[in-house]
Amino acid sequence: MKHVTYIHEHPNWTDWQWSDKKLLPLVSQVRLLQGQLLGKLLTLGFELNVEAQLDAVTLEVVKTSEIEGEVLKTDQVRSSVARHLGVDDHDLPAASREIDAVVEMMLAATFHFDKPLLLEDLFSWHRALFPDGYSGLYQINVGKLRDDSQGAMQVVSGGYGRERVHFVAPCADRLVDELDRFLQWFNTPPSKQDDLDLVIKAGIAHLWFVTLHPFDDGNGRLTRAITERMLAKSDGSAQRFYSLSAQILNRRNDYYKVLERTQKGGRDITSWLVWFLETLIDALIAAQATTDRIMAKASFWQSHRHHSLNDRQIKMLNRLMNDFYGKLTTKKWATMTKCSIDTALRDINDLIAKGMLQKSVASGRSTSYEISL
């Protein structure tokens, strides 16, 4: 079989090359969208600003795990994020220890964006991802670099019997020197790097670290945490208002394909950086839509501030404007608020009379309801 030469096997493999002509228009669009998003957030006020951050961080934590096939309970993640941000979360279930650890890791990655990233930071993040020392059924080296005792590190996808090898990472005996070089580059201020735009640097950091794949497991999530840290540097803020992982998950097949092409190519990484910047643009556009929804929610409550509502009605209206899935029916209202069908119908009819709910046009066989905007 013909040997595949991977990017890290080239001499001076991190002397990256790219086409400014292709990247600069995308960087300009990213900066424009960042500015527009920041402008909207400045109009929200403190409480709504925190709500936007709560939405974004929750989404990032859930989706970065989902990319790796691990499904976290969104309400527990949101509860943990809310507690760490100092937001009232009494209506949410308590988060598990494992979820708390992942949330702490993601927040620590961005909260200290203005401090150097150290190898010990990576070790502590890795320990947070695997607090019991296991990845599924398998015991792994936690908080230390892989040793390749079980063979070369291969990045694969697919189930048993149909695994696909995307690339083979550098051998373990290179990792100490390679990580030292990566961290020195990561922590070097841009003024000493020919004013390299930090969103491009975030894309390079993503590719560089995922290529090293320095741990037995969790490399994808650590890569995205490192990327978030550099994006926080680019924003000049520890607060996160958009989720790159959500967009990577939406384009997961393309993500693996472009990474594989890049890993098997030379030092020109233009195609990867174009993909990264386009995905970042999607994340910023999605965040603006979320911010618009938060603003619409605030406007809704302001216009109905004179109405007296019970706790069930407030809870359900907020759910409808946040993360409600499917159609709202009387039965679903009763189930979610733990009340009788008759009480649910009285709650709903009261909101209809107040102009806050309306019957859905496409209700089907059973009557359903939606917010009246």
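I'll start at Lys-338, the residue that follows helix H13 and has a positive phi, near 60°. Helices here are DSSP runs of H or I with at least four residues, strands are E runs of at least two, and both are numbered from the N terminus. This is a predicted model, where local features need pLDDT of at least 70, side-chain atom pairs count only at pLDDT 80 or more, and totals for chains, interfaces and linings use all residues. Residues are numbered from 1 along each chain as its sequence is written, and side-chain values use heavy atoms, with hydrogens and water left out.

Back to H13, residues 330-337. Its buried residues (under 20% relative accessible area, 1.4 Å probe, protein chains only) are Thr-330, Trp-333, Ala-334, Met-336 and Thr-337. What do the buried residues of H13 pack against? Two helices, H12 (311-321) and H14 (341-353), and two strands, S5 (357-359) and S6 (369-371).

Now the whole protein. The count is 14 helices and 6 strands. Of the 373 residues, 48% are buried. Taking contact as heavy atoms within 4.5 Å, residues 24 or more positions apart account for 66% of the contacts with a separation of 6 or more.

On dimensions, the C-alpha trace spans about 75 × 45 × 35 Å along its principal axes. The radius of gyration, over C-alpha atoms, is 23 Å, which agrees with the value near 21 Å for a compact globule of 373 residues; the globule rule is 2.2 Å times the number of residues to the power 0.38.

Last, the surface. Its accessible area is about 18800 Å², 52% of it from carbon and sulfur atoms, by the Shrake-Rupley method with a 1.4 Å probe.

How values were computed: Buried < 20%, exposed > 50% of the residue type's maximum accessible area, 1.4 Å probe, protein only.
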